[in-house]
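Biologist: Could you take me through one part of this model closely, the nonpolar core and what surrounds it? Keep it casual, but give me the cut-offs as you go.

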Amino acid sequence: MAKQVYYEDVEVGSEVTPLPKIATTRMLVQWAGASGDFNPLHYEEDFAKAMGVGAPIVHGALKRAWLGQLMTDWVGEEGKLKKLSCQYRGMDYPRKMKTMEEPHDGQTWWCKGKVTKKYEEGGQHIVECEIWVENGKGEKTTPGSALVALPARK
Amino acid sequence: MANGSLITDEMHKLVGKTLDTVVFKVEEGAIQRYAQAIGDPNPLFNDLDYAKSTKHGRLLAPPGFTGWPIKAGRPTEKLFAFLVKAGAPPRILDGGIEFEFIEPIGAGDVLTATSKIAKVTERETKLGKTMFTTAEVTYVNQKGNTVVRSWATIIQF
């Protein structure tokens, strides 16, 4: 993990360390098992077509979990994630698998964020961020926000 | 159902009522499988020995472990069932979620999840007449402390 970020290190506009992700059909199956979400929308071609989304789509909750990782990685063990929210706005389609382990070539998703506010409140050093998942075209399919407490040097 | 509204009187009556309570134990293996599925190598969520050596003293659950499906999938599933029974449209999309993380959740915790419908609204969207329901779930641990609250948006059309 990266070194600990401190309250004094960030300003409004500072970037949250970006996190790359590749959604694959394999990852969706693994997520279904781990999360207990067995909606066929995420693994069955015909069902997804009938639902009007064309092909199986990435679970919104998986993208939300990526955003959770974006923030817990950034705040480190001394920071605390206090609030996180996101909206599932755009559909994302996973890469299919070429071999047991390797996906076909295709897009990479990036989880990103930037600081929108920082202030002290009740003895805590609070930082608010705009966060999102963007697809290979740079479109924000999963916008959201986070509120964290960071450690301070002083 | 006045003026073709999707929201029936029965649905209005459901708002604010506790509709389900689920108790579940947070297991080490479930946390590890969840972290692996995301591709999150954070040792606090994966490495038993490391996690035990920290101030937390146990494997922690990643944020959102209490998200819609997790073993507590049931509270929100039951809300859908109530809504559909009350005449809501059958096609469902997950609109998004907001979490407030109050205390850490870790392996061995026994959580009681209580769910209710906080709000029901409707408006015309590109999907047609669309209903938005906010499902509020509160998670309380074995010590009686509220650890997480979440508000999920369910879209029905």
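Modeller: Sure, terms up front: a nonpolar core is a set of buried Ala, Val, Leu, Ile, Met, Phe, Trp, Tyr and Cys residues joined through C-beta atoms within 7 Å. Buried means that 20 or more other C-beta atoms lie within 10 Å of a residue's own, exposed means 12 or fewer, and partly exposed is in between, with C-beta atoms placed from the backbone. This is a predicted model, where local features need pLDDT (the predictor's confidence in each residue, from 0 to 100) of at least 70, side-chain atom pairs count only at pLDDT 80 or more, and totals for chains, interfaces and linings use all residues. Residues are numbered from 1 along each chain as its sequence is written, while chains are lettered from A and ligands numbered from 1 in the order in which they are written.

Now the core itself. The largest one has 70 residues, and the members touching the most others are A:Trp66, A:Leu67, A:Leu70, A:Met71, A:Ile131, B:Ile31 and B:Tyr34. Its largest share, nine residues, comes from helix H3 (residues 60-75) of chain A; helices (H or I, at least four residues) and strands (E, at least two) are DSSP runs, numbered from the N terminus. Of the 16 residues in H3(A), 15 are buried, so this helix is largely enclosed by the rest of the structure. From first C-alpha to last, H3(A) reaches 23 Å, close to the 22 Å expected at 1.5 Å a residue (1.5 Å times one less than the number of residues). Just after H3(A), A:Gly76 has a positive phi of about 65°.

Over in chain B, B:Ile31 touches B:Val26, B:Phe45, B:Leu59, B:Ala61, B:Phe65 and B:Ala107, leaving out residues up to four places away in sequence; a contact here means C-beta atoms, placed from the backbone, within 7 Å.

As for where the chains meet, the contact takes 24 residues from chain B and 24 residues from chain A. On the side of chain B that touches chain A, helix H2 (28-38) and strand S2 (92-101) of chain B each supply at least two residues, and the largest share, eight residues, comes from S2(B). Strand S2 (residues 80-87) of chain A runs antiparallel to S2(B), joined by five bridges (strands pair if DSSP finds at least two bridges between them). Within that pairing, A:Cys86 stands opposite B:Ile97.

On confidence, the predictor gives the complex an ipTM of 0.93 and a pTM of 0.93.

Key. Contact = placed C-beta atoms within 7 Å.
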